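The following account proceeds from the overall form of a protein chain to selected helices and then to individual loop residues. The reader is invited to keep the model in view throughout.

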Amino acid sequence: MIPVTTFKDKKVALFGLGGSGLATAQALVAGGAEVVAWDDNPDSVAKAAAAGLSTAGLRSVDWSAFAAFVLSPGVPLTHPKPHWTVDLARHAGVEIIGDVELFVRERRVHAPDCPFIAITGTNGKSTTTALIAHILRESGRDTQLGGNIGTAVLTLDPPKAERCYVVECSSYQIDLAPTLEPTAGVLLNLTPDHLDRHGTMQHYASIKERLVAGSGTAIVGVDDSFSSLIADRVERAGTRVVRISRRNALADGFYAEGSRLMRASGGTSSLFADLEGIQTLRGGHNAQNAAAAIAACLAVDVNEKDIIDGLRSFPGLKHRMQPVGKKGDVVFVNDSKATNADAAAPALSSYDRIYWIAGGLPKEGGITSLVPFFPKIVKAYLIGEAAPAFAATLGEAVPYEISGTLEKAVAHAAADAARDEGGPSAVMLSPACASFDQYKNFEVRGDAFVGHVAALEGVTMLV
């Protein structure tokens with residue numbers, strides 16, 4: 001835990017007592033703050049009270065007594081309308097911040113020079129975050145990994161000299177972190193997302209821009225117009241910018257030529273690393289993730305050999321294009337985190353002969369956007385509530401069966417792939433659906449897939 005000493009002997013209001021909110025309240029108390037916490041969910045309030053936290057309905061308290069209001073990132077700050085606690089805090093002139101801002105302030109007080117890498121973007125940020133942390137650890141650095149990737153940032157070990165922090169930041173977290181100043185800030189890409197919470201694409205982009213604008217080194221993917229303009233603005237403001245691209249050669253920065261990652265300076269390019277044969281970094285999207293990781297690690301003085309070794313040994317992000325087993329020329333890929341069609345596209349683009357397991361609780365739009373990848377699919381195995389709709393979309397373009405259950409789909413896909421003489425193939429769970437019709441969450445679904453693969457005869461497990 002990181003005790004939040006910057007609010008010692010001060011009174012702080014807190015709303016949102018889920019996992020990260022509870023951890024934040026406890027970190028504030030550990031640092032000597034007086035916390036008054038609340039949540040709209042009575043069960044969460046009861047859990048916090050049982051943990052020894054002071055709880056009170058924030059509608060009836062004296063807001064003028066608070067030094068700050070700490071808001072859970074899951075609670076609306078601006079759109080579709082501010083949460084009622086936000087209105088009360090603003091009326092009282094109380095600053096509104098989140099757990100990442102508390103971390104930033106603790107670092108600034110206790111270890112301002114310890115390496116801090118912050119990562120954001122619409123897509124790819126979790127893989128990039130995990131890859132950076134892996135490279136740092138493999139190079140021998142004391143590395144802390146947290147934030148939006150699933151570990152609340154204030155549950156990490158306290159800041160000290162030479163301890164490295166790698167923090168994934170959602171737009172919600174950035175919006176609540178006004179003094180975010182990482183050693184290296186990464187903005188991978190921007191496409192429309194969370195507009196119900198940000199109102200417009202321009203507002204969403206402006207929030208993401210804050211992360212790199214405050215960075216010592218700003219690493220920006222320039223394959224979309226919003227990010228490219230951000231790179232230009234941040235550079236004009238005097239920040240060092242390293243541009244990355246998965247599509248175009250650059251005069252300066254890092255870019256991909258297929259699996260080859262090139263470093264460019266002053267219009268001259270040289271090979272930095274080749275991702276050929278690294279199963280966990282297949283595809284153009286992962287070339288971009290790797291380029292960002294390289295630039296970030298160089299910014300905190302990791303040597304080139306350690307970076308290349310870290311790329312080669314990366315085990316992958318669990319449930320995201322994760323090779324979990326192999327039998328002959330067949331690889332079994334767990335992409336359970338692909339809970340919509342756009343999220344499934346990277347995995348489908350990364351293999352040439354796919355036995356595709358898809359379905360679950362359908363999302364709006366179905367799989368029509370995946371039509372360009374249908375020629376790569378040898379056969380589809382459909383499960384869950386989405387099976388009939390997916391079958392209608394596949395039509396005569398892709399052979400399919402309605403397997404119903406994941407267990408049956410894995411068994412049938414493995415048997416068909418074993419008979420395939422067309423070359424290396426992948427049995428892939430990339431559902432393009434939520435899991436909730438059959439599984440509690442995508443993690444449970446992914447673990448079930450791994451279990452069914454492990455039960456197959458002759459499969460060498462990779463996890």
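What percentage of the 463 residues of the protein chain count as buried? In this predicted model, the figure is 54%. The secondary structure of the chain consists of 15 helices and 20 strands. A compact globule of 463 residues would be expected to have a radius of gyration near 23 Å, and the chain agrees with this expectation because its own value is 23 Å. Along the principal axes, the C-alpha trace extends over about 70 × 55 × 40 Å.

Contacts and surface complete the general picture. If one takes the contacts between residues at least 6 apart in sequence, 64% of them join residues at least 24 apart. The accessible surface amounts to about 18700 Å², and carbon and sulfur atoms account for 50% of it. The chain carries 42 positive and 50 negative side chains, yet the centres of these two sets are 1 Å apart.

Helix H1 offers a starting point for the local description. This helix covers residues 19-30, and its twelve residues should span 16 Å at 1.5 Å a residue; the end C-alpha atoms lie 17 Å apart, in agreement with that value. The buried residues of H1 are Gly 21, Leu 22, Ala 23, Thr 24, Ala 25, Ala 27 and Leu 28. Against which elements do the buried residues of H1 pack? They pack against three strands, namely S1 (11-15), S2 (34-38) and S3 (68-71), and against the helices H2 (42-50) and H4 (99-110). Just after H1 comes Gly 32, with a positive phi of about 100 degrees.

Helix H5 (residues 125-138) can be read in the same manner. Its 14 residues should span 20 Å at 1.5 Å a residue, and the separation of its end C-alpha atoms, 20 Å, agrees. H5 is mostly covered, since twelve of the 14 residues are buried. Among them are the polar residues Ser 126, Thr 127, Thr 128 and Thr 129, as well as Lys 125 and His 134. The packing partners of the buried residues of H5 are S5, strand S6 (143-147), strand S7 (164-168), helix H10 (284-299) and helix H11 (304-313). H5 is followed by Gly 140, which has a positive phi near 95 degrees.

Helix H8 comprises 13 residues, 201-213, and reaches 18 Å from its first C-alpha to its last, close to the 18 Å expected at 1.5 Å a residue. Its buried residues include Met 201, Tyr 204, Ala 205 and Ile 207, together with Lys 208 and Glu 209.

Attention may now turn to the loops. Pro 115 is located in the loop between H4 and strand S5 (116-120). Is Pro 115 buried or exposed? Its relative accessibility is 13%, so Pro 115 counts as buried, the limit for that class being under 20%. Beyond its neighbours within four places in sequence, Pro 115 is in contact with Glu 162, Arg 163, Cys 164, Tyr 165, Thr 183 and Val 300. The C-alpha atom of Pro 115 is 8.4 Å from that of Ala 161, although 46 residues separate the two along the chain.

Some backbone features merit separate inspection. Most residues other than glycine have a negative phi, and most peptide bonds are trans. The bond joining His 79 and Pro 80 is a cis peptide bond, with omega about -5 degrees, and Pro 80 lies in the loop between S3 and helix H3 (84-92).

The loop between H11 and strand S14 (322-327) holds His 319, and Met 321 is also placed between H11 and S14. His 319 is not a glycine, yet its phi is positive at about 75 degrees; Met 321, likewise not a glycine, has a positive phi of about 50 degrees. His 319 is buried, with a relative accessible area of 3%, and Met 321 counts as buried at 4% relative accessibility.

Which residues does Met 321 touch, apart from those up to four places away in sequence? The set consists of Arg 282, His 285, Asn 286, Val 333, Asn 334, Asp 335, Pro 346, Ala 347 and Ser 350. By contrast, the C-alpha atoms of Met 321 and Leu 58, which are 263 residues apart along the chain, are separated by 44 Å.

Notes. Residues numbered from 1 in each chain as written. Predicted model: local features only at pLDDT ≥ 70, side-chain atom pairs only at ≥ 80, totals over all residues. Heavy atoms only, no water. Helix = DSSP H or I, 4+ residues; strand = E, 2+ residues; numbered from the N terminus. Rg over C-alpha atoms; globule rule 2.2 N^0.38 Å. Buried < 20%, exposed > 50% of the residue type's maximum accessible area, 1.4 Å probe, protein only. Contact = heavy atoms within 4.5 Å. Areas by Shrake-Rupley, 256 points an atom, 1.4 Å probe, with all protein chains shown as cover. Lys, Arg positive; Asp, Glu negative; His and termini not counted. Charge placed at Lys NZ, Arg CZ, Asp CG, Glu CD. Expected span 1.5 Å × (residues − 1).
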